[in-house]
Structures are given as C-alpha cells and as structure tokens.
Amino acid sequence: MAAHSAVLSMSKIIKPFWGGHLGNTVKVFGTTLTSHRNKSSLTPPPAKYGGRHTVTLIPGDGIGPELLNHVREVFRFSCVPVDFEVVHVNSAVETEDDINNAITAIRRNGVALKGEQNAYFQQSTAVRSMYTSLDLYANVMHCQSLPGVQTRHKNIDIMIIRENTEGEYSSLEHESVSGVVESLKIITRNNSLRIADYAFKLAREKGRRRVTAVHKANIMKLGDGLFLQCCREVASGYPDITFDSMIVDNTTMQLVSKPQQFDVMVMPNLYGNVVSNVCAGLVGGPGLVPGANYGHVYAVFETATRNTGKSIANRNIANPTAMLLASCMMLDHLKLYDHASSIRNAILNTMNETRLHTADIGGQGTTSEVVQTIMRFIQSKGQLTSEY
Amino acid sequence: INNFISFHCEQIIIDNNNMQTVTLIPGDGIGPEISSAVMKIFETAKAPIRWEERNVTAIKGPGGRWMIPPDAKESMDKSKIGLKGPLKTPIAAGHPSMNLLLRKTFDLYANVRPCISIEGYKTPYTDVNLVTIRENTEGEYSGIEHVIVDGVVQSIKLITEDASRRIAEYAFEYARNNQRNSVTAVHKANIMRMSDGLFLRKCREVAENYKDIKFTEMYLDTVCLNMVQDPTQFDVLVMPNLYGDILSDLCAGLIGGLGVTPSGNIGANGVAIFESVHGTAPDIAGLDLANPTALLLSAVMMLRHMGLHDYGNKIQTACFDTIRDKKVLTKDLGGNSKCSEFTADICRRIQDLD
C-alpha cells in the first residue's frame, strides 16, 4: 500500500516534469499495438512515437549525403515531426551485411528515404534484393513540365508505373556452354496483375483518363504477351479509363516527338528503366524528378533516376529539387499533408518565380542558395518555423 | 552534305553494261509505290542499277520449317545487295516475323542506322549526328520462351562471345572507315552481370586493336537520359539487340521519325540489305500519299556501300533540296502533295544538276 502510493506520488512528480511526454507515450503505444493488428486493411503511418515519425535514411554515395542533409535542414526548419534513423551502406565493401541492416531498418520503420547509389555498387545483387525482399513492387514516377524550366517540349504530364521486382532484373544468369550466356527474363501472372491493378487504381485516384501499357509482345510473344493480357483483364474492370498499348520502340519515338499524348504508362521492369529516364530527360533532367517505390507494407522514396553517372559531389552545385520533392512524397505517404504542400509550394515558387536555378537546368545558383530560398518561402507563408 | 563513305566495296556483281544487279523487295502496303518512286528516281539519275524484283512471303519448306522463297534467296546470293520495302509483322501469330526470317537466312548480324538531322525538316533536336549499330541476331530476340508453370513465363536472352566480338569489330571498322571519332558501348552490366558483362568484355578486347578510335561505355539508362537532353555528345553507339531496337528508334524520333530514317543490315559473306524501317501504313496504301524518303535514303546508303558515291550524292542532294524548299512535301512532312509530285520534283532537280 505504501509502495503503491509512493509510485503514485512519484508519477505525480514525474508527470509535470516531463510535460505531457510520458502520458503521450502510453497513449501512442496503445495505438501502435492495435494498428499492428489491423495492418491488413491499410498501410498506417508506421513508427509513430510521441507524435513523431521515424524514417530510415540511407545517404548513399555521390550527391546523396549532401542532398539528404539539405532535406533534414528543411525539415528541421519547418518543424516537420519526422526523425531520421541513418543507416550507412558502404559501397566500397562488397559484403551484404550493410544492405541487410538497411533492409531491417526499413522493415522496422516502414518508410525510407534513400540517396543515389554508386553505379559500381549496383553490381551487388543485394541492392536489387532490397526491392524484392521488401516487395516494393511498384516504382512510380511523375514527370511534369515545370513552367520555369527551359526544355524542348512543353506541357508534359506523365505518370510512369514500372514493375519493380521481376522481368529482366531477376539476375538469373548462367553460362550454359563456354562463350554462351543465358539471362532469364521472368514474367508472372500475379505480378503483372498486381502492377496493372496498381496502375489503374492510381489513375482513378488521380483522375487520369488513359493508361498505356508498354510492351514488346510482337517479339516476346509469351512473356510480354502475358503482361499485356493481364493489363487487358484489369482494364476491363475500369470502364471509365481508356486502355491502350504501344510497342516500346514506338513509345520512345513518340516520347521524343509528341510526349504530350501520354497520360499514365505501365510497363515491365526494363522498359520502365528506359522510359523513365527518357521522360526525366524530357522535363529537364535527373535533378528535377522524384521517384517512389511502393509495396503493400513498405515505401522507399528516392530520386527518379538511380544513377546519373556524373560526379558533382560536394561542389554545392547539385540540384536539390528531386530529393526535396521525394521527401514531400514521403510526407504525403505519412499523411503529413500540410507540411508536404508547404514545402512543395516553396520549391515550385523558387523554381518558377524567382528563377533561381542550379547549373543542370541552365542557371548559376548553388545548392545552398536554392535551399535558403525555399526555406524563406516556407517562412513567409506564416507557418511555424524553428529559430534559424 | 553528309558523307556515308562506306565499307566493304568488294564482291559486287558487274554485268555487261557495267550495270550492277540489286535484288529489290517491294514489300507490303505502301512498299510497291515507294519502290517504284525510287526506281524512277534512279532511272532519271541514270544510276547503273538493274533491279531484280522478288517476293519474300514466308512459305513452308520441306521439313515444315518456314523459309523465304528459293528464287528470292538465289537472287540475293548472286547479287549480294538488296533493297527492301516494309514488310508486315503480325503480333502473336503463327509464323515468325518476315524481317526475322530474312535476318536468319542471310545472317544479317549488324543493323546500322545513321541518324543525321535533316536540314529543312525541323524537329526539336538540331545537329544530331550519330550512328547506332545494333547486334541483330541474338540477345533478347532469340525467340526462346517457355511457360514454366501456368502463370509464369520465362524468356531467354542469349549473348554469345562470337556474336559480341563480331558486332564490336564491325562497329570499330565502320567508325574507322567513316572517320568517326568514338565508339560507345551501351549496356546494363550492373544488373545483367554475366550477359552484358560478356558483351562489354568483348567490346573492350576489340577496342584494344583500334587505338585510334576512342572507346567509352555507358549504361543504357544514362544514355537515354542524356540522349534526350543533348544528343550531340554521341557518335557511334554499339549495343545488343533489345537496347539497339529501342535506342535506334529513339534516335530516329530525334531526326523526324521512321519516315525519313535510312537503315542498312550487314550480313556475313558480304551480303547487305538496305531497308526502310517504317511500317506498311495500310491506311494510305495505294493512295499515292506515301513518303519515299526513307527508302530513298536507304538506297543512297546502298549506292555508297557499292562505291557509287557520285550517284549517291546527287540523289541525296536532290532529295534534301526538295525537303528544304518545302513546296512539294508529303503529308507526314507537313505538306499536302502526292508521292508522285514529290518524286517528280526530285527527278527534276536531278536533271537540273546534270
């Protein structure tokens, strides 16, 4: 009895000392437990603790670390309730431990923000396995012409949905006889149906009118034929959305002459790689387009193009737009819509109104200048910001 | 004026009047009308070409294998040079694609597409000057597919040492013979380590023998990204089948589409077939609306391959002048003249040039 009252009196002392913090912990803990039980219905904002989300951060190589530092800077400035758990993946070492740690961290937190990986490092099958073991089956990229950026084509607005786990990237290769190598491309009915379903759902959600499947079924009759058939099956369930298909070489040709004709595109892995890079180039380059990898349970956000092949690290000239827009996509995923819109608007205002551009889009601004301008825009909108 | 100084000027059949025989395959759809346009232009230019028309619709030979008609094969084997119009390729049908069959019959291992911006036909991209050389026999287009279990399909991509070495050698030879500065190998060896790795290794080995040509390697996605932003940075590109298909069409799109892009297929034993790569356009077949430019430029490529540079230059100049003038353009080039009017204008210019 005495002990009991002692505990009670202790908690009375502790509670005001910690503010509402301890109390919130108990509340949230309870919420997290119940949400785990209901996980099958929705993907809830994971790893929420004390009202703050924890997100795995993988800095990567090249310009990845500096861009992600800018993301953290902007988040800190705008008081975004997100904490980052940093996991380094050392590209120089070829063991799989690092990437496995990263995968575990992503499983724990549910969401990750990733910097670009050194192209050399991509040789490790472990990196591919991140997408397959986390079952991040849909890679989504939204390419939009930005009014402030000078490009050859205008008014582009294309969503590209790329199957992210199978196809040509199965890494199943063998040398059957000396000098003859076979590489297997796997297409399955389940994955094709799944990605087609995702594409149509997304199209409906965003109010898009048309979905185009990109394939090469005239040559790969069984493989891409199966993919096309699955798309058609799913399309029949969405009569409000027009479905058509196009062969991949014709698609690239149309993209460089009349990209305005495309709305939503869905395709297997390799064509997705090609088409997304073409579209990123059309709207102004790799510095502008964010990309997201979604699965049923996890989500990883990064820039749309995975290796740019240019070494501009640590020279303060990289374009932070793609990474910042990716972080906004992440905030949307975490249902922090207000923060996402405010940062996004600030980025677009910087790009379109002040015309402060980095070198890759023809300007002379430095990365830090662009980031400062973005933060100034956020502040001017009257939102709560931290002391500078 | 662009100089496609060519390679392989040997083994050309010369008959009595110094005329050289070329097997002409008119093709389907608009094929016959553009072929006759080209023949008319060649006649006006007085080019020493004797055309031997042949049909290549697939027939089932002894043993049940699909093959091209024997008279076509015989003609090609004798003349060694062919000019081909568009052929129908059905999607998911019974017999293999005709183009594929031709490739297999004559072992056409290299598909060469020079993409040069046409002055007078404006596209968002100017100053494009590159050549795509695509391995044409294996890779993703081996046609080997299986259904492993219901709902799981496997397609096999085949890369062999011999084919990779052969295409790399052709690419460097072409670069040397046409005064090009660099050859870039396009691959995805970071993902397909063994197959594209083998291709890349062979390219590197061959590059050792051609120290005068600069050799670089680039990932497919990086090439795509940079190609649409700044195509002037590329010179000669060499790559396996699928990437070549995609990239060569991408580059054709940069200069204005398949209606104006020439293409040549080089085979073993000195065989070369030049073709227009656009479709058969069944909707405008027989209506005198087709644009013969692609087939004409391929024929010019053929003339240069045969060493008849003067005729080639004359015809090309006439063609480019007509396009630049913009008075008699076909519909796809932005005008509304007929194919015959376009052809007549080129013929007139050739006569004026003489």
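Colleague: Which strands does helix α9 of chain A lie across, and at what angle does it run to β7(A)?

Modeller: Helix α9, residues 269-283 of chain A, crosses β7 and β8 of the same chain. Its direction is about 120° to that of β7(A). Keep in mind that this is a predicted model.

Colleague: How do you know that β7(A) and β8 of chain A pair?

Modeller: Count the bridges. Pairing requires at least two bridges between the strands. β7(A) and β8(A), residues 180-188, have six, so they qualify as a pair. The sense is antiparallel. For one position to look at, take A:His174, which faces A:Glu182 in β8(A).

Colleague: What makes β8(A) and β9(B) a pair?

Modeller: The rule asks for at least two bridges. Nine bridges join β8(A) to β9(B), therefore the two strands pair, although they belong to chains A and B. They run antiparallel. Here A:Leu184 sits opposite B:Ile156 in β9(B).

Colleague: In what order do the strands of this open sheet of four come?

Modeller: The order is β7(A)-β8(A)-β9(B)-β8(B), with antiparallel pairing. 

Colleague: Why are β7 of chain A and β8 of chain B said to stand at the edges?

Modeller: Each has a single partner strand, so one side of each has no neighbour in the sheet. The strands in question are β7 (167-177) of chain A and β8 (145-149) of chain B. From one strand to its neighbour, the average turn is 30°, direction ignored.

Colleague: What do chain B and chain A bury between them?

Modeller: About 4800 Å², with carbon and sulfur atoms giving 64% of that area. On the side of chain B, the residues that lose the most area to chain A are B:Ile191, B:Met194 and B:Leu225. Together they make up 13% of what that side buries. By contact, 50 residues of chain B meet 56 residues of chain A.

Colleague: Why is A:Lys216 with B:Asp245 called a salt bridge?

Modeller: The closest N and O atoms are 2.7 Å apart. The cut-off is 4 Å, between a side-chain nitrogen of Lys or Arg and a carboxyl oxygen of Asp or Glu. The residue types fit and the distance is within the limit, so the name holds. The count between chain B and chain A is one salt bridge.

Colleague: How many residue pairs are in polar contact across the interface of chain B and chain A?

Modeller: The rule finds 19 such pairs, both residues being at pLDDT 80 or more. By class, the side of chain B that touches chain A has 29 nonpolar, 12 polar and nine charged residues.

Colleague: What makes B:Arg166 and B:Asp107 a salt bridge?

Modeller: Their N to O distance is 2.9 Å, and the limit is 4 Å, so the pair passes. B:Arg166 is in helix α4 (residues 161-177) of chain B, and B:Asp107 is in the loop between α3 (98-106) and β6 (108-116), so the pair ties together parts 59 residues apart in sequence.

Colleague: How do you know that β1 and β2(B) pair?

Modeller: Five bridges join them, against a requirement of at least two, so they pair. Strand β1 (residues 20-25) of chain B and β2(B) run parallel. B:Thr23 has B:Glu52 in β2(B) as its bridge partner. Helix α1 (residues 31-45) of chain B lies across β1, β2, β5 (81-84) and β14 (272-276), at about 160° to β2(B).

Notes. Residues numbered from 1 in each chain as written. Chains lettered and ligands numbered in written order. Predicted model: local features only at pLDDT ≥ 70, side-chain atom pairs only at ≥ 80, totals over all residues. Heavy atoms only, no water. Axes fitted to C-alpha atoms, helices over the stretch in contact; angles between N-to-C directions. Contact = heavy atoms within 4.5 Å. Buried area = accessible area lost by both parts, 1.4 Å probe. Polar contact = N/O pair within 3.5 Å; in protein donor to acceptor, adjacent residues only side chain to side chain. Nonpolar A, V, L, I, M, F, W, Y, C, P; charged D, E, K, R; others polar.
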